[in-house]
Amino acid sequence: MTHTTRLNVNGNTREMAVAPRQTLLDVLTEDFKLSRTKEGCGIGECGACTVYMDGKLVSSCLVLAMDADRKDIVTMEKFTTGDAGFSPTMESFIHPDQIARRANFGSVGAKTRSEIPTFCHLCPAHCSMNAIVEDGRVVDLEPDMESGLYAEQCAVNKGRFTIPEVLGHKDRLLYPQKRVGARGEGKWQRISWDEALDTVAAKFNELKATLGPESVAFGLGEPKGLEFAFGQRLATAFGTPGVVTPGWCCGIPKGMGAAFTYGASAVCDDESTPALIVLWGVNMAHTTGGLRRETLEKTLEAGGKIITIDPQKTYVAKLADLWIKPRPGSDGALAAGVLKVIIEEKLYDRDIVDNWTVGFDKMREHVSTFSLDEVEKVTWVPRAQIEEFARTYSRTKPAAMHVGNAVEQLLNSFQTGRVAAIMRAICGNLNIPGGDVMLTPPPFTRPGSFFLLNKYPRRAEKILGDKFKFAQRSAFIPPHVMIKAILDEDPYPIKAAMFVLTNPLVSYPNSNETYRALMKLDFIVISELFMTPTAALADIVLPAAWGMEHEELGYWPGWHEEIRSYPKLVEPPAECWPDTKIMNELAKRLGLAVDFWENDDEALDLMLKPSGMSYETFKEKRVMKPTREYRLHDYRTPSGKIEIYSEQLAKLGYEPMPLWQELGRTVDMPEEYPLLLTNGKEEAYMMTGFKHVASMRIVRPDPIVELHPDTAEKYGLQEGQWIFLETRAGKIKQRLSLNRSLDPRVVVAAFGWWFPERDEPGYGWRESNLNMLVPSGPDYDPSTGGVTLRGIPCKVYRA
Amino acid sequence: MQLGLPEFDMIATDTVEEACSLFSGYGADAQLFAGGTDLFIKMKQRRLLPRMLINIKRIPALDRILYDADEGLRIGALTAIQSILDSAVIGEKFRVLSQAAAVLGTPQIRNLGTLGGNLANASPSAEFAPPLLVLEASVRCAGPGGERLVPMNEFFVGPGKSVLSRGELITEVHVPDPPLRARCIYLKHSLRTMDVSMAAAAALVSLDGNVCREVRIALGAVAPTPFRARKAEEALRGKRLSGDSNDRALLEEIGRIAADESRPIDDLRGFASYRKKVVAMLVRQGLEQAIARAKN
């Protein structure tokens with residue numbers, strides 16, 4: 001049943017048939033292609049979708065399109081189209097009542113109040129914000145629209161709401177604790193910092209003396225401040241190669257793909273306006289990456305095109321001119337198909353191919369060995385769409401292509417990254433304004449030289465042998481390697497682990513196996529903000545101070561090539577210490593003082609040394625940005641050319657050229673698991689963290705699994721019910737939502753779930769946690785050791 | 001990616017009678033739809049999945065605010081929260097309702113949400129419940145069997161549950177004039193002003209000289225339903241205020257009694273023990289402010 005509705009938006013009248021379930025926001029996005037008026041929280045809390053309807057401000061996500069019939073709709077685009085970036089006019093729509101967003105921690109009538117410019121440290125966008133501090137507490141983060149530094153509309157208000165709430169949260173860890181019951185029983189005793197650090201140091205040094213330093217492993221989460229660098233440095237100085245980081249599924253595969261093709265990574269050029277943006281496995285309206293949201297806005301407003309590749313109809317798929325809906329996990333095959341069309345239809349830049357490539361003829365020969373029908377069969381993408389993608393990408397200049405983390409979580413992520421790099425380079429989109437550009441970082445100490453000290457080689461081959469060479473080069477081991485060393489003592493036993501702001505029980509593939517490994521360890525120490533399912537299994541739990549509670553430098557995400565200062569704004573609660581201080585003090589007790597400092601803050605000056613600035617001076621400057629030189633044909637490869645065929649790779653023992661055999665590979669679908677499981681990150685949270693944050697939890701209270709209505713009907717499932725999802729690794733339950741835009745063969749589940757509100761030691765980590773379903777091998781990306789998180793055979797049934 | 005709305009059909013009506021008959025006819029598959037600010041959230045989160053929405057927004061005469069000296073105040077169920085905030089007569093004679101309207105959500109929500117929806121949703125933290133409880137308002141409900149007037153203190157039954165039966169809807173809220181010279185205050189404690197309350201209190205006081213003649217206290221968000229704190233009221237009723245520091249001790253004691261009457265839960269926003277402390281604080285502050293105004 002549809003209703004004919006006449007919509008008058010900013011003076012443009014359009015008559016259309018709308019279904020009852022379509023909101024005004026749905027129509028503004030999909031039909032009017034408005035991109036400043038955005039989807040944020042979807043429940044009327046964040047203000048991102050605010051419009052005037054007959055003169056009254058309303059949340060367009062809560063208004064039915066049919067109810068807007070014949071009403072006068074005015075959006076922020078009417079006043080801001082063509083303006084660069086986020087502006088006070090937009091803010092006046094979104095937050096007409098600023099003050100209502102200010103946290104009230106029980107102090108009525110604040111005595112002191114200050115407004116301090118800093119950066120939000122929650123998501124990779126790292127927007128410039130003004131922190132509002134009242135009586136020693138951060139009560140709000142207001143967008144900075146004055147300094148000219150990068151600050152975008154935080155659609156879901158994730159940082160603005162999460163940071164004050166976490167800083168003042170009732171569940172923060174406040175004191176060092178040691179386990180007094182059985183592992184995981186939830187019995188703790190408060191201890192002093194001295195006792196905690198002496199215990200850890202004694203255990204680690206005892207293991208070092210008996211089994212060698214490699215029997216101690218480290219687990220690090222996404223870098224926040226310098227804690228990741230400190231963790232790496234501590235592992236290096238201690239002498240263990242066993243450091244698990246998210247590198248295998250975030251950044252390394254495509255970074256290496258670019259490096260072996262043209263010598264360095266390139267990111268979308270935000271300084272200019274692309275005529276086409278390709279968004280491949282990324283929904284940057286919510287999870288910003290190497291491309292800013294405002295670049296999307298200015299591109300659309302300038303009449304540019306969007307191609308989105310995603311199994312889900314994400315926000316950026318709704319805005320797209322071409323939405324490609326591949327089979328989860330088949331991105332490599334899709335890339336191969338697009339490259340085939342570009343080569344066979346001669347859509348590439350002839351000059352570049354003739355003068356600046358190595359191995360083009362071999363590749364031309366190779367692409368003739370598979371057909372587009374095969375590509376269509378593997379990817380489920382109609383041949384016409386593959387051709388349209390290739391033709392649009394090669395003919396529209398400049399074109400930026402952002403390949404998201406989803407494409408880094410495949411069995412062939414590296415070679416897929418290689419194809420994307422080749423596409424960029426031979427279509428002439430590399431190092432041109434509005435294309436993908438290489439950035440020259442400002443002068444600061446490269447994080448790698450901070451954490452990999454020349455005098456202590458990492459000796460990753462001890463644990464990785466001759467496998468996973470890009471993991472070895474990138475200072476990490478894949479999670480399954482650590483788990484295997486713990487469980488099977490292969491190639492040697494790991495007996496103790498230190499985790500820093502990471503939750504392996506929920507974030508590593510195969511949670512059951514991870515659980516067995518953690519239970520088998522002799523000793524676990526973790527520094528955390530909250531008690532998590534992983535922390536609940538530790539021997540020593542250390543309370544960490546968070547951003548804004550100590551002086552900090554941020555260099556992540558690395559691809560932005562910038563460094564930012566995060567001043568200390570408030571005291572940490574009770575006995576919380578910055579992670580950097582924890583590791584610095586631990587290093588002293590481990591006898592590693594020579595590579596650390598009297599005070600961990602001295603490392604801030606070391607990071608800035610190449611700039612000639614001290615941290616105190618830099619704090620005034622706040623940020624150093626990279627430069628972009630748009631150097632055409634600046635290929636930093638051994639041949640000085642675009643290496644479609646790479647001798648370097650051949651020498652390392654890897655396929656020198658991306659091949660269909662590898663790219664077209666998909667997992668077998670056994671009869672008992674007829675569906676394919678995938679997932680997208682939830683906009684309300686950061687990975688597995690912050691389910692405690694009340695204002696985010698109301699946005700997404702339950703883990704939601706999405707199915708096509710026909711699939712639900714076939715298996716007798718009703719919307720709203722909790723259903724079981726099962727793979728060969730395990731089973732979980734999530735709440736069912738139906739979504740007609742999905743392929744009926746696909747299951748989209750929620751990632752990262754546990755329930756901090758549960759009064760039980762494990763916080764329900766088995767119940768809805770996606771990694772219960774993810775096998776941890778033995779099928780790996782040969783270069784990084786990554787496993788696939790996309791397109792896992794699965795079945796669904798009633799819970 | 002945020003969840004869209006689930007699929008449903010929509011039927012609109014412009015009479016109360018038809019709304020009731022449609023609503024009872026469709027049974028458990030139907031929901032009434034007015035502002036949508038609570039309903040659509042539950043639907044997007046797949047916690048409520050009606051197949052049919054009955055749009056009652058176009059029923060005339062339910063979106064109005066009427067006042068006369070004999071009958072008191074009548075607010076139509078479809079009145080937007082913002083209209084309550086903007087109403088001169090409410091601001092003048094029933095200011096506690098303006099106070100509640102001012103702290104409900106954001107302007108975007110106040111322009112959509114309705115008073116009837118705020119009550120029918122029956123959240124323990126419903127912003128209008130404590131003020132309407134101390135004003136001893138009644139809810140006019142229309143159903144297939146006719147009309148009835150439900151006193152506010154009988155309206156809520158449990159979290160998300162009211163006395164409304166299938167096929168029944170709220171048409172109007174009737175608020176009698178407060179007792180002579182009574183003054184009334186609504187205070188809410190929440191993480192942010194726009195958020196749902198962690199605890200809320202309304203206090204009504206009228207003075208006879210220095211004697212507290214009428215005392216009414218209602219609490220929100222600290223029990224399965226909003227409720228009147230009768231023991232605390234009783235403890236203050238008839239008490240003489242000394243005008244010195246003893247009053248503070250007395251009102252703190254009343255706050256403690258009210259806190260004892262509350263039955264809050266632990267959740268992500270706060271521990272139950274913290275909520276009890278907040279109740280004591282809000283009740284004391286609310287009474288102090290109401291008394292200060294009653295003295296003038």
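**Exercise 1. Determine what share of the contacts in chain B with a separation of 6 or more comes from residues 24 or more positions apart.**

Solution. Two residues are in contact if their C-beta atoms, placed from the backbone, lie within 7 Å. Among the contacts in chain B with a separation of 6 or more, 64% join residues 24 or more positions apart. The model is predicted: local features need pLDDT of at least 70, side-chain atom pairs count only at pLDDT 80 or more, and totals for chains, interfaces and linings use all residues. Residues are numbered from 1 along each chain as its sequence is written, while chains are lettered from A and ligands numbered from 1 in the order in which they are written.

**Exercise 2. State whether Glu528(A) is buried or exposed, and describe its surroundings.**

Solution. Step one is to locate the residue: Glu528(A) belongs to strand 21 (residues 523–528) of chain A. Strands are DSSP runs of E with at least two residues, helices are runs of H or I with at least four, and both are numbered from the N terminus. Step two is the count. A residue is buried if 20 or more other C-beta atoms, placed from the backbone, lie within 10 Å of its own, exposed if 12 or fewer, and partly exposed in between. Glu528(A) has 23 other C-beta atoms within 10 Å, and is therefore buried. Step three names the neighbours: leaving aside residues up to four places away in sequence, Glu528(A) touches Leu173(A), Leu501(A), Ala535(A), Val541(A) and Ala544(A). In addition, the C-alpha atoms of Glu528(A) and Leu542(A) are 6.4 Å apart, although 14 residues separate the two in sequence.

**Exercise 3. Describe how helix 11 and helix 12 of chain B pack.**

Solution. Two packed helices are described by the angle between their axes and the distance between the axes. Axes are lines fitted to C-alpha atoms over the stretch in contact, and angles run from 0 to 180 degrees between N-to-C directions. For helix 11 (residues 245–261) and helix 12 (residues 272–295) of chain B, the angle is about 135 degrees and the axes are 8 Å apart. Angles under 35 degrees count as roughly parallel, over 145 as roughly antiparallel, 65 to 115 as roughly perpendicular and the rest as oblique. Helix 11 and helix 12 of chain B are therefore oblique to each other. Residues making this contact include Leu251(B) and Ile254(B) of helix 11 and Val279(B) and Leu287(B) of helix 12.

**Exercise 4. Give the number of residues that each chain brings to the contact between chain A and chain B.**

Solution. Chain A contributes 47 residues and chain B contributes 36 residues. The elements of chain A that give two or more residues to this side are strand 4 (56–59), helix 27 (694–697) and strand 31 (731–738).
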